[in-house]
Amino acid sequence: MIQAQGLTRRFGTRLAVDGLDLDVPRGEVFGFLGPNGAGKTTTIRMLAALIAPTSGSAIVAGHRLGEANREIRRRVGVLTETPGLYRRLSARDNLLFFARLYPVREPERQVERYLRLFELWDRRDEPAGSLSKGMRQKLAIARALLHEPEILFLDEPTAGLDPEAAKTVRDLIEALRSKDRTIFLCTHNLDEADRLCDRIGLFRTRMLAVGAPAALKKEMYGRRTVVHLASPSPGIEQALDLPFVTKVERLDDRLIVSLADPDAENPALVRRLVELGAEVRFVNELRVSLEDLYLDLMEGRDAKA
Ligand SMILES: Nc1ncnc2c1ncn2[C@@H]1O[C@H](COP(=O)(O)OP(=O)(O)O)[C@@H](O)[C@H]1O
Ligand SMILES: [Mg+2]
């Protein structure tokens, strides 16, 4: 649904996006994750045919960027970082205004459909400015969907929202999942990306890594079993001589054991530890958060830069 090759954008001498390759299939929720200034908004603006790339190419919703920009704009919806709603217009009139602008067929029906779908129907006559932040953001997302775009670009949809409003918006994004609609979600919120996205790309000017959250973690770290010992058992980490164990670290009374397949290998690991005289208190898996991964990647890049 979105394919990009070497997509690059400069602003004067500043390189905002450097040679982005991307392949997002239809129906995927793709998380585009990166810190402030990473080039996320610039990427959305290029893919939505709002600004031209300096170089590179992309096919968006079946049309080539630069050759069919009007077609692309008709097939994508964009929630920008600062969605300008008319604060004094009612929720409904805001949507009707944009529905007529697009234009959307049967604007009244389409507006009602989205107000009901997003649970804003009861508040339809209230000025947008008097709605809660979460409701305003839902209204802005409804606006981006009125023309039934194949791709929805969401630029930091929960930034600046309080936790409750952010949850409202996240639940909404979850509900929007469908095999026919592709969602490109920019965020610097790691938990959000982990929860909502089929795949994520870690991005800072360049793509640093792409994959399903779980696969990315596994690829970076392998899997690790933590064995909590009831007594110190000095030297046991050196004595542990199992072919499938790639690394053993000790942290106080814990052994952190790297292995490829804990489900299959943990029983033999525990047996061997007991043979070596260890008293095993309990065993669990070391969980790596997306945040650990992200920080490692960002730091790694800094070190290389
Ligand atoms: N219109 C512009 N003119 C000049 N520089 C810009 C413009 N838009 C973005 N930039 C620069 O490009 C870089 C990426 O910005 P942006 O895409 O907004 O990042 P993000 O959305 O990830 O925070 C930043 O260094 C920003 O200052
Ligand atoms: Mg941005």
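**Helix α4, outer face.** I started with the face of α4 turned away from its buried side, and found the exposed residues Arg-109 and Arg-116 there. A reminder to myself: this is a predicted model.

**Helix α4, inner face.** Next I asked which residues of α4, spanning 107-117, are buried. They are Gln-110, Val-111 and Leu-115. These three sit on the same side of α4, because they cover an arc of only 130° around the axis. That fits a rule I keep handy: an α-helix has 3.6 residues a turn, so residues three or four places apart point the same way. I then looked up what covers the buried residues of α4, and the cover includes α3 (91-101).

**Just past the helix.** I checked the backbone right after α4 and noted that Glu-119 has a positive phi, about 55°.

**Ligand 1.** I listed the residues around ligand 1: Phe-11, Arg-14, Ala-16, Gly-34, Asn-36, Gly-37, Ala-38, Gly-39, Lys-40, Thr-41 and Thr-42. Which element gives the most to this shell? It is α1, with three residues. Both β2 (14-24) and α1 (40-47) supply at least two residues each. Sorting the shell by class, I got six polar, three nonpolar and two charged residues.

**Domains.** Last, I pulled up the domain assignment of the chain, which gives domain 1 as 2-211 and domain 2 as 222-288. How far apart do the C-alpha centres of domain 1 and domain 2 lie? I have 46 Å in my notes for that separation. By those bounds, helix α4 at 107-117 falls within domain 1, 2-211.

How values were computed
Residues are numbered from 1 along each chain as its sequence is written. Chains are lettered from A and ligands numbered from 1 in the order in which they are written. This is a predicted model: local features need pLDDT of at least 70, side-chain atom pairs count only at pLDDT 80 or more; totals for chains, interfaces and linings use all residues. A residue is near a molecule or strand if its C-beta atom, placed from the backbone, lies within 6 Å of it. Helices (H or I, at least four residues) and strands (E, at least two) are DSSP runs, numbered from the N terminus. Ala, Val, Leu, Ile, Met, Phe, Trp, Tyr, Cys and Pro count as nonpolar, Asp, Glu, Lys and Arg as charged, and the others, Gly among them, as polar. A residue is buried if 20 or more other C-beta atoms lie within 10 Å of its own, exposed if 12 or fewer, and partly exposed in between; C-beta atoms are placed from the backbone. The arc is that of the directions from the helix axis to the C-beta atoms. Two residues are in contact if their C-beta atoms, placed from the backbone, lie within 7 Å. Domain bounds come from an automatic or database domain assignment.
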